[in-house]
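Here are a few exercises to work through with the model open beside you. Try each task before reading its solution.

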Amino acid sequence: MGAALRIPNRQARHLWLSTNLLAATPTGAVDLQDMIWRLGFVQIDTIRNVTRAHNHILWSRNQNIREGAIWTQLSDRALFEHFTHDASLIDVRVLPYWRRQFDRLGEYMGRSEWYQSGLGKAQIAEIRDRIAREGALSTHAFDTKVDKREMWARPPHKKALDQMWYAGELATCHRKNFVKFYDLGERVFPSHDPASEAQAVDWLCRGALDRLSFGTTGEIGRFWDAMTAREAKAWCEDASLIPVEVGTANGGSYAALAPQDIETRLAALDAPTSRLRILNPFDPAIRDRARLEKLFGFDYRNEMFVPKAKRRWGYYVYPLLEGDRFVGRIELKADRKAGELSVIGFWPEPGTRWGAARHAKLDAELTRFAKFAGLSATTWQVARA
């Protein structure tokens with residue numbers, strides 16, 4: 001491969017933010033499909049702490065977006081919904097390479113004890129046949145009882161629907177008030193010729209590296225979460241890639257791989273905007289916590305499912321990004337009845353000075369975020385730093 005190209009830490013941070021569409025000021029014309037294509041996918045989440053994760057992730061990149069706009073893209077078949085690291089919206093152009101993920105997850109869920117529905121094959125077939133006859137149906141159209149003795153219990157029909165959804169036999173055709181409506185995959189997915197296994201692995205790895213700009217074999221393999229580590233490693237060994245040495249926030253470095261145009265990408269970089277942004281806990285720029293800590297020296301953990309007594313920070317805590325640095329964390333909650341965005345926790349990053357100018361930037365972003373969520377005021381329930 002030759003000598004590794006050195007990418008200093010600050011340049012690596014700028015490239016990562018640019019690749020994640022977080023370097024430019026978040027304004028201008030809105031092109032949701034292009035945004036999702038460039039990110040690869042956007043995770044969706046049920047929790048509406050202030051606004052749901054998918055809305056926030058997109059808004060962080062263009063603040064002219066309106067809540068819920070993404071669902072038109074799903075209904076219009078510009079996107080499809082399936083599982084990467086979690087339920088996600090994916091550009092439909094990825095679909096020819098996604099058959100392997102339907103097959104992998106369908107087989108896994110079919111073997112998973114937790115996902116065994118408790119329904120017989122005939123009953124599962126009847127659920128599918130009913131959708132075939134009646135058209136798209138939500139889980140509310142079915143009525144099987146849950147075993148309340150089971151933690152995280154789900155009704156048998158819900159497990160059966162999900163199992164067929166993971167396998168691509170059923171697909172999300174639209175959502176209404178965030179409720180998923182299932183239809184036959186053949187009626188939802190646009191006509192396409194599935195790629196071979198080799199073509200799919202090649203495309204997904206190249207697509208991952210393109211959206212990472214530089215990455216280890218593990219990072220490439222984990223990007224879509226649609227292949228084994230062995231498959232990703234074999235691809236990296238055979239592909240024509242550029243070896244790079246990436247500087248870390250603590251002064252060290254690590255070996256990674258980059259696409260052929262890496263020097264062009266680096267030469268085209270501009271410094272990120274100095275605007276302060278409130279990022280969502282599920283934002284793709286911070287999804288890989290190990291990568292985040294290596295590049296930015298920012299130790300972030302999502303503590304929603306951590307018992308309260310064991311949390312370091314809070315339940316739904318947002319990282320604060322300013323330029324190319326993470327400068328703190330903030331916990332927010334929407335009081336929709338009062339029309340207020342409440343600040344219930346605030347933790348400046350150690351070593352970061354919070355003067356009047358930085359507080360003014362945060363106040364401006366809080367005002368913008370509140371407006372996006374349909375709230376008219378911001379109140380602080382904790383002391384500022």
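Contact here means heavy atoms within 4.5 Å. The model is predicted: local features need pLDDT of at least 70, side-chain atom pairs count only at pLDDT 80 or more, and totals for chains, interfaces and linings use all residues. Residues are numbered from 1 along each chain as its sequence is written, and side-chain values use heavy atoms, with hydrogens and water left out.

**Exercise 1.** Find what Phe214 touches, not counting residues up to four places away in sequence.

*Solution.* Start on the N-terminal side of the numbering: Ala12, Leu15 and Leu209 are among the contacts of Phe214. Then add Glu219, Val244, Val246, Tyr254, Leu257 and Ala258. Finish with Arg291 and Leu295.

**Exercise 2.** Place Phe214 in the largest nonpolar core.

*Solution.* First, the terms. A nonpolar core is a set of buried Ala, Val, Leu, Ile, Met, Phe, Trp, Tyr and Cys residues joined through side-chain atoms within 4.5 Å. Buried means under 20% relative accessible area, exposed over 50%, partly exposed in between (1.4 Å probe, protein chains only). Helices (H or I, at least four residues) and strands (E, at least two) are DSSP runs, numbered from the N terminus.

Next, the members: the largest core has 56 residues, and Trp98, Phe214 and Trp224 touch the most other members. Helix H9 (residues 197-212) gives this core its largest share, seven residues. Apart from this core lies another of 43 residues, including Val42, Ile278, Phe282 and Ala370.

**Exercise 3.** Is Asn20 buried or exposed?

*Solution.* Locate Asn20 in the loop between helix H1 (9-19) and helix H2 (32-39). Its relative accessible area is 3%, so Asn20 is buried. Now look at the neighbours: leaving out residues up to four places away in sequence, Asn20 touches Leu39, Arg61, Pro284 and Ala285.

**Exercise 4.** How many residues of helix H7 (residues 156-166) are buried?

*Solution.* Ten of the eleven residues are buried, so to speak a mostly covered helix. Among them are Pro156, His157, Lys158, Lys159, Asp162 and Trp165. Just after H7, Gly168 takes a positive phi of about 80°.

**Exercise 5.** Describe the protein as a whole.

*Solution.* Count the secondary structure: 14 helices and 14 strands. Then take the burial, where 53% of the 385 residues count as buried. Last, turn to the contacts with a separation of 6 or more: residues 24 or more positions apart account for 64% of them.
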